[in-house]
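Please take a moment to look over the chain before reading on. The paragraphs below walk through it step by step, from single residues to the sheet and the spaces inside.

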Amino acid sequence: MRLLTAQQMRDLDARTITSFGIPGQVLMENAARGAVNCFISHFRPGIHERICICCGPGNNGGDGFVMARYFANAGFDTTVLLFSASRDRLTGDAALNLSRLAGLPLTVHDIDPSDMSTAFPYLTAASYIIDALFGTGLNTDVRGGFRDLINAVNRSPAPVFALDIPSGLHADTGRPCGICVNAQATATFGGIKPGLVQHPGVRYTGCLYIVDIGIPAHYLAETLPATWLCTPGHVKDRIPHRPSDAHKGTSGHLLIIGGAPGTSGAARLAARGALRAGAGLVTLSMTGPTPPPMDEVMILHLNSETGASLSPHHMAPLLAAAKEKHAIALGPGLGRADETRQAVHAIIKDAPCPLVLDADAINCLKDAAHLLDKARMPLILTPHPKEFSRLTGLNTADIQANRLETARTFAQKHRVILILKGAGSIIALPDGTAHINTTGNPGMATAGMGDVLTGIIGGLLVQGCSPETAAVAGVYLHGLSGDLAARTSGPAGYLASEVADALPGALKLLSSHPASAEDTLLTRRMPAIPFSMDLA
């Protein structure tokens, strides 16, 4: 499912009006009529319940005026609060639709933003509040009277329904602009905005509905850069199909380089993730003491006479082993010694097959991100925000404030695939395309989860997936496996190894997704999207 930034949506509106010939009035009518249907479907309001519509002076307010007309004509007790110093500030379609309310069985109250207190009694008396204050163009902090108003809306016991986006939420980043309406449901117009499906925006969005307002489909397809929401249909066809005559040799061979003394568990978890994802063979390369055996994993124990850390002295046997492999996972439990840093740089430059870089492999690139540009083979990086901060020199808070564009910019600059982990992981591709994941849960915030993800991605790579497919499908399956583990064990306390062991079930569940089903979301954060996958 494609996502649209605020600017992309504005451009699409303008193009639809000027080039395709659909007037703005029609787009506004379509938006509001669809929103009315979503509101009634979600809340099932009684005909005598009070609906209070809070309208700003822009087009978001115009959508609210159209909704008011539909509600009044249907016999609902409807009140419109217009927050503007003067009606003269309204122009265009918003002004036209305000004028159409004259003579209808509803009341319109003009509220001066300098004194919001006059609005509070109407909010208190409302059965439902519709938020039509600010649209997607807001990018500065909400201040003054409007901040007081949003506080009052959030304090009201009435459920809140937001139009296009909860007022105060940044449409692209999902960050509140100082304060944000906390909606129980949101109807977004034309396409989902990235801020609605990124944290913390999902907490303010509530149940999310999408309203088709009439933007031509080929206009949407031509919108770049493309941002996608990872959904079952988006991922299902990316999973490799195993033919009936497959054997371990045709299912790929992954080399994992990691497991320094004291951290061998990380490499073992990566191996477990790769095997559970379907890799035919896994070889674990280690310099430290040989760990307890995993029956299914081969061990390449490097000569450690030069020390227990990976070093340039190990490059010859490593590269010889890598020539027979289909992908390399570098980093789980690797360590950060100076000689290890040198070896990591050499592997990135000389690896004969695609590389997944995780954990210490990324940490070894501190102040050396330019070395990514020298890679001969595709690179997939899987940092969490702190690792990404070390890699880029950016402040972690700045990274988190705009995860999507920060990841996209880095991936384009260095021609890599970047997975910025976290709630709603971002998968950014070298061509500017980005994907936002929808699976996973807070119980996955525990040690070893990233190692399992690295193994999953490596396991998909060796089975013939393209780097893009391995990254997108790997992140999705990793989160889905976590969701299955949470369903079995509870919201927290399950282990990374249990997530790895849930992978076959996740693959089976995803394969059962019917091709004819509407391609929407697998997420409990926005359950009103029509499709949901039964995890029972």
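Does Asp367 count as buried or exposed? This is a predicted model, and in it Asp367 has a relative accessibility of 67%. A residue is called exposed when that value is over 50%, and Asp367 therefore counts as exposed. Asp367 sits in the loop that runs between α14 (360–363) and β15 (379–381), and its backbone has a positive phi of about 65°, although Asp367 is not a glycine. Most residues other than glycine have a negative phi, and most peptide bonds are trans.

With that background, a second aspartate can be set beside it. Asp164 also is not a glycine and has a positive phi, here of about 75°, and its place is in the loop between β6 (160–163) and β7 (185–189). The surroundings of Asp164 are another matter, for its relative accessible area is 10%. The cut-off for a buried residue is under 20%, so Asp164 is buried.

Asp164 leads on to an open space in the model. Together with Asp13, Asn59, Asn60 and Asp63, Asp164 is one of the lining residues that lie nearest the centre of the second largest pocket. This pocket holds about 580 Å³ of space, and 25 residues line it. Three helices, α1 (6–20), α2 (24–43) and α3 (59–73), each contribute at least two residues to that lining. Sorted by class, the lining of the second largest pocket contains 11 nonpolar, eight polar and six charged residues.

A little before the start of α1 comes Thr5, which is placed in the loop between β1 and α1. Thr5 has a relative accessible area of 13%, and so it is buried. If residues up to four places away in sequence are set aside, Thr5 touches Asp172 and Pro194.

The peptide bonds deserve a look as well. His199 and Pro200 are joined by a cis peptide bond with an omega of about 5°, and Pro200 lies in the loop between α7 (194–197) and α8 (201–205). Another cis peptide bond joins Leu224 and Pro225, where omega is about -5°, and Pro225 belongs to the loop between α9 (217–221) and β9 (227–229).

From here the view can widen to the whole chain, which is divided into domain 1, covering residues 2–231, and domain 2, made up of residues 247–380 and 437–512. The C-alpha centres of domain 1 and domain 2 are 45 Å apart. Ser244 is found in the loop between α10 (232–236) and β10, and because its relative accessibility is 83%, Ser244 counts as exposed. Measuring along the sequence and through space gives two separations for Ser244 and Asn73: they are 171 residues apart in sequence, and their C-alpha atoms are 62 Å apart in space.

The next feature is a sheet. It is an open sheet of 11 strands with mixed pairing, and the strands follow the order β1-β9-β18-β17-β16-β15-β14-β13-β10-β11-β12. At its edges stand β1 (2–3) and β12 (298–301), each of which pairs on one side only.

Which strands does β10 pair with? Strand β10, residues 253–257, runs parallel to strand β13, residues 327–330, and four bridges join the two; within this pairing, Ile256 stands opposite Ala329 in β13. Strand β10 also pairs in the parallel sense with strand β11, residues 281–286, this time over five bridges, and here Leu254 stands opposite Val282 in β11. Strand β10 is mostly covered, since five of its five residues are buried. His253, Leu255 and Ile257 point one way from the strand, while Leu254 and Ile256 point the other way, and all of them are buried.

The last residue of that group, Ile257, brings the reader to an enclosed space. There is one cavity of 30 Å³ or more, and the largest cavity holds about 50 Å³ of space. Ile257 is among the residues that line the largest cavity, and others in the lining include Gly258, Ser285, Met286, Leu302 and Leu334. By class, this lining has seven nonpolar and four polar residues, and no charged ones.

Note on methods: Residues are numbered from 1 along each chain as its sequence is written. This is a predicted model: local features need pLDDT of at least 70, side-chain atom pairs count only at pLDDT 80 or more; totals for chains, interfaces and linings use all residues. Side-chain values use heavy atoms; hydrogens and water are left out. Domain bounds come from an automatic or database domain assignment. On a 1 Å grid over the protein atoms alone, a cavity is a set of points where a 1.4 Å probe fits but cannot get out, and a pocket is an open set with protein on both sides within 12 Å along at least five of seven lines; lining residues have an atom within 4 Å of a point. Grid points are joined across faces, edges and corners, and a volume is the space filled by probe spheres set on the points. Ala, Val, Leu, Ile, Met, Phe, Trp, Tyr, Cys and Pro count as nonpolar, Asp, Glu, Lys and Arg as charged, and the others, Gly among them, as polar. Two strands pair if DSSP finds at least two bridges between them. Buried means under 20% relative accessible area, exposed over 50%, partly exposed in between (1.4 Å probe, protein chains only). Contact means heavy atoms within 4.5 Å.
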